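Reader: I would like to go through this structure with you before setting up any calculations. Could we begin with one of the helices?

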Amino acid sequence: MTATLDAPPVRAAGSDFAPLARQVRASGLLDRRPGYYARAIGVNLAATAAVWAAIGWAGASWWVVLLGVPLAVLSARTAFLGHDAGHRQIAGSARVNRWLGLVLGNLLLGMGQGWWSDKHNRHHANPNHVGKDPDVGEGVLAWTEGQAARQRGVLRWVARHQAGLFFPLLTLEGVNLKVGSVLYLRGRSRREQLVEGGLLALHAVAYLSLAFTLLSPGKAVVLMVLHHALFGVHLGAVFAPNHKGMAMPEPGERWGHLRRQVLTSRNVRGGVVVDWLMGGLNYQIEHHLFPGIPRCSLRRVQPLVRAHCAAVGLPFTETGLVESYRQALAHMRSVGEPLRS
């Protein structure tokens, strides 16, 4: 069965987190907002259908491939909604949230909800903790000098120049998410393979059929490449500022929930445009402290979290969007520095 991303329990009545948790619960900000999500899902589905209709209408011109841009933006919106379903933000029922996640993720995006939930659960439990958080695990990019030193061949060259290569590499992330979703199903239960794998296959058939029915083969391929490249860049540009360059607990180091989530996370300030573009994940500190809080309540809970952090003497990190990228890339550059010496 697909994992869900539950809010952490309050572990001790005298913990630093407990008073804040009680205050937020009493405020009603943890209450579900089904009307908000019904509108968000409906508008996103209608806009996506409108873009595909426009693709069919403009299919005779090569300018049609530029519609891959709004298609990528809308796909990111779908991913954010699937993320919210995984955190049980949308409905009160775990079953309803699970099926929403499967429809939004597997069927509409071709991105497996089970694979993502498993990976994201581990990230939320131990953000930025090497050996526990898969987002800072061994891979194409290096997040610590130790990881960079262990890279060999082409990956060593990538680690040496990873700050400059970061955004170009994100163009491959849209495809990587789909490949990872399929590979995750190996060794899973027969039921999970049938449900998740069946929805992934249905997505692939529908997506390819739409593209090659509405467009000539050449235009269809270019549109799909642009769509997936920009989708990967968009998602990566949203997730990169959240934790990169923030505190990384040492192996064996144990922090309480409040410290673990606040010190490893960075907020990105901005208005409604930034909120929309980043799917509410610019409120990363609040999201990590209360994963189940509806996205539309994150802005309202921020003053409570900021005041509580000040009261307990915990730094609350918030920057502008450009500065967040500068800090994240600076961290990646410093990790690769010994390889350039």
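Author: Certainly. This is a predicted model. In helix α5, the buried residues are Q113, G114, W115, W116, S117, H120, H123 and H124.

Reader: What span should helix α5 have, and how far apart are its end C-alpha atoms?

Author: Helix α5 covers residues 113-125, so at 1.5 Å a residue its 13 residues should span 18 Å. The end C-alpha atoms are 18 Å apart, which agrees.

Reader: Which side chain does D118 meet in a salt bridge?

Author: D118 meets the side chain of R122, with an N to O distance of 3.1 Å. Both residues lie in helix α5, four residues apart, or about one turn of the helix. An α-helix has 3.6 residues a turn, so residues three or four places apart point the same way.

Reader: Are those two buried or exposed?

Author: Neither term fits: D118 is partly exposed, with a relative accessible area of 30%, and R122 counts as partly exposed at 39%.

Reader: And K119, which residue forms a salt bridge with it?

Author: That is D135, the closest N and O atoms being 2.6 Å apart. This pair links distant parts of the chain, 16 residues apart: K119 is in helix α5, while D135 is in the loop between α5 and α6 (145-150). K119 is partly exposed at 27% relative accessible area, and D135 counts as partly exposed at 24%.

Reader: How many salt bridges are there by this rule?

Author: The count comes to nine. Another one joins R340 and E337, whose closest N and O atoms are 2.5 Å apart. These two are three residues apart in helix α16, so about one helical turn separates them.

Reader: Staying with helix α16, what is L321 in contact with?

Author: Leaving aside neighbours within four places in sequence, L321 is in contact with V268, R269 and M278. L321 is also 7.9 Å from P241, C-alpha to C-alpha, although the two are 80 residues apart in sequence.

Reader: Turning to the surface, which residues make the nonpolar patch?

Author: L208, F212, V221 and V225 make a patch of about 340 Å². Helices α10 (190-214) and α11 (217-243) each supply at least two of the patch residues.

Reader: Finally, where does pLDDT stay under 50?

Author: It does so over residues 1-14, for which the model has 34 contacts beyond four places in sequence. Where pLDDT is low, the predicted coordinates should not be read in detail. For the protein, the mean pLDDT is 93, and 96% of residues reach 70 or more.

Technical notes:
Residues are numbered from 1 along each chain as its sequence is written. Side-chain values use heavy atoms; hydrogens and water are left out. Patches are made of residues with over 30% relative accessible area and no salt bridge: like charges are joined within 9 Å, nonpolar side chains (Val, Leu, Ile, Met, Phe, Trp, Tyr) within 5 Å. Accessible areas come from the Shrake-Rupley method with a 1.4 Å probe; for residues, only the protein chains shown count as cover. A salt bridge is a side-chain nitrogen of Lys or Arg within 4 Å of a carboxyl oxygen of Asp or Glu. pLDDT is the predictor's confidence in each residue, from 0 to 100. Contact means heavy atoms within 4.5 Å. The expected span of a helix is 1.5 Å times one less than its number of residues. Buried means under 20% relative accessible area, exposed over 50%, partly exposed in between (1.4 Å probe, protein chains only).
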